[in-house]
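Here are a few notes to go with your first look at this one. Have the sequence and the 3D view open as you read.

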Amino acid sequence: MKNGRSRKYRALERLRIASQAVFFGLFAYLFIGAHYTGEDYIGSTVQRFFHFDPLLALITIVSARLVYAWFAFALVTVAATVLFGRVFCGWVCPLGAVNQMSSFLFKKAKLLKPPREDKASLAPKYYILVLVLVGALLGLDLAGYLDPLSFLTRSFALAVLPSLAQALSGLGGILYGLGAAGLARSVSQLLQNWTIHTTFVQGFSAGLFFLAAIGLNARKERFWCRYLCPTGALLGLLSRWNLVKLRIDGEACIKCGLCTQHCETQAHPYPNEGWKSGECVYCLDCASRCPTGAIHFPLSARFEKATNVSNVDLSRRKLLVTTLAGLAAAPFFRLTPSRKRASLKLLRPPGSLPEDKFLAKCVKCGQCMRACPTGGLQPVLTEAGPEGIYTPKLVPKIGYCEYYCSLCTQVCPTGAIRKLTIEEKNQVKMGTAWLNKSRCIPHVLGRPCVVCEEHCPVSPKAIKLVEVATRLPDGTVAVQKAPFIDVERCIGCGICENKCPVVDDPAIFVTSVGESRSEKNRLLLDISGGSAEAPYK
Ligand code: SF4
Ligand code: SF4
Ligand code: SF4
């Protein structure tokens, strides 16, 4: 048989691969660029990608009941999808590119074989979308867990880059061992320059989820895009009227079924009337593989008879169950005592909105954690309840909030952390420092130590020194200068806790009490029941 493969679609396919590479490269460049470079300024960051994401825009607006102006860019993606179908998935989405690349590698390694006929239901992602939407109506933001941009950014920030850093530092060690000190220094300089030496408490779980998402591509090509992605589902719904339709030239078609067998997303190009336009990501694999060049994608304003969603087996009963599950998810995700009484160690980054608004807006992308120069911002596991998993908190033992830094406030894509200048940020109180006298060196050992006072960055200092007398075991009395905290001046930056030389459990520590963003999280409970004037406003 004469090879009649379409040159035009092969060229377009190459263009699509180039487009995916460019967008993935841009994503990686902006992602790596979001770090401290010696000045308190991060230019354009990967958050720009987020503003083009219609799912994040919709869910953030619905769950937080607020319009965030940057999300106007999502209308570009909406318009492109309505006109041209899910081109975002096939040509732009960086997670789509990762899925496609890994599927390709699995295929090359013969771990993934194209099925003769694939009849698995494509409905799960639509149910996930319904779940996320119902949650958002009740103020619950679940989008960040499965939205492709949040998922990829979080995975890169918490797991991929830190693992790369571990590998590079191991390589540095080997190079030193081999006597290539110059090369080893270059490797360690690279780690410093990109600030990728931070590790995260939940990096392991984020890494496991990422590996699972990649590994699933060995089972089905672009598994995530086919079955899990709520953004893909939303774009699929928007694409039902698109102008680019698949056509098969009946005379040229030899009914070999190669197009459907190799379709990346089970859009089922053959036969033409079975094509699910809402599943098609316009990868053009079918058109470029067709041995007779029978497949075309002409512009056509004609409506499809069988529309994309009705081609997917969504059952009303399952949609109802999913809606009920969404309604049940809200109270379940809020099962936490921290809703009633603030969590001791939940120090949110400076500029964070009040807790309920923060949770409704944070998409758990981890960009703030990536940007924090001290590595102090870490993902939450339990402190904010199930709803807060992977949201950021400051862990002073690991890293403090640098006085002359406002980077986390610059990179948040949803405004869960408000943008602040340094001057504004330094007026914000994240919590308050407390002294554990039974561990403080001057108090308990009668020896000199003023480390916390020396490091306190506020002016005048929030830590004063007072003389204390300590009776020692031999009966003598040692008089030393010891810290005394001015709780009104303290901003809870945590540098004192971080630098305290009592290593395992520092003698000075910060808790969230007194944080500016909360009117309730105060040292003394307002037992007047709210009738008297709140004392700490
Ligand atoms: S389905 Fe989702 S992950 Fe896949 S390309 Fe589309 S948006 Fe990206
Ligand atoms: S927590 Fe503090 S040090 Fe870390 S990025 Fe935010 S402002 Fe900077
Ligand atoms: S607070 Fe951090 S994790 Fe949450 S959306 Fe903003 S940058 Fe992402």
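1. Let's begin with a single residue: does Thr 336 count as buried or exposed? Keep in mind that this is a predicted model. Thr 336 has a relative accessibility of 15%, and buried means under 20%, so Thr 336 counts as buried.

2. Where does Thr 336 sit along the chain? Look in the loop between α16 (316–333) and α17 (355–361). Its side chain makes a polar contact of 2.9 Å with the side chain of Ser 338. If you skip the neighbours within four places in sequence, Thr 336 is in contact with Ala 384 and Gly 385.

3. On to the nonpolar cores. The largest has 118 residues, and Phe 50, Ile 295, Phe 297 and Ile 508 are the ones with the most contacts inside it. Helix α9 (residues 148–177) gives the most to this core, namely eleven residues. There's also a second, separate core of six residues, with Ala 34, Ala 371, Leu 407 and Val 411 among them.

4. Ile 508 deserves its own point. Leaving aside neighbours within four places in sequence, its contacts include Ala 433, Trp 434, Leu 435, Ile 463 and Ile 485. Three cysteines, Cys 452, Cys 496 and Cys 500, are in contact with Ile 508 too, and so is Glu 497.

5. Now the aromatics: the structure holds 18 aromatic pairs. Take Phe 27 and Phe 49, whose ring centres are 5.5 Å apart; their planes stand at 90 degrees, so this pair is edge-to-face. The two belong to distant parts of the chain, with Phe 27 in helix α1 (residues 7–33) and Phe 49 in helix α2 (residues 47–50), 22 residues apart. Both Phe 27 and Phe 49 are buried. They also belong to one aromatic cluster, together with Phe 24, Phe 31, Phe 151, Phe 156, Phe 210 and Trp 224.

6. Next, ligand 2. Which residues surround it? Among them are Pro 350, Pro 373, Leu 377, Tyr 400, Glu 402, Ser 406 and Lys 425, and the cysteines Cys 372, Cys 401, Cys 405 and Cys 408 are part of the shell as well. By type, this shell divides into eight nonpolar residues, one polar and two charged.

7. Last, ligand 3. Cys 362, Cys 365, Cys 368 and Cys 412 are among the residues around it, as are Phe 358, Val 363, Lys 364 and Gly 366. Pro 392, Pro 413, Thr 414 and Ile 417 also surround ligand 3. Here the split is nine nonpolar, two polar and one charged.

Methods: Residues numbered from 1 in each chain as written. Chains lettered and ligands numbered in written order. Predicted model: local features only at pLDDT ≥ 70, side-chain atom pairs only at ≥ 80, totals over all residues. Heavy atoms only, no water. Near = heavy atom within 4 Å. Nonpolar A, V, L, I, M, F, W, Y, C, P; charged D, E, K, R; others polar. Core = buried A, V, L, I, M, F, W, Y, C linked by side-chain atoms within 4.5 Å. Buried < 20%, exposed > 50% of the residue type's maximum accessible area, 1.4 Å probe, protein only. Helix = DSSP H or I, 4+ residues; strand = E, 2+ residues; numbered from the N terminus. Contact = heavy atoms within 4.5 Å. Polar contact = N/O pair within 3.5 Å; in protein donor to acceptor, adjacent residues only side chain to side chain. Phe/Tyr/Trp six-rings, centres within 6.5 Å; stacked < 30°, edge-to-face > 60°.
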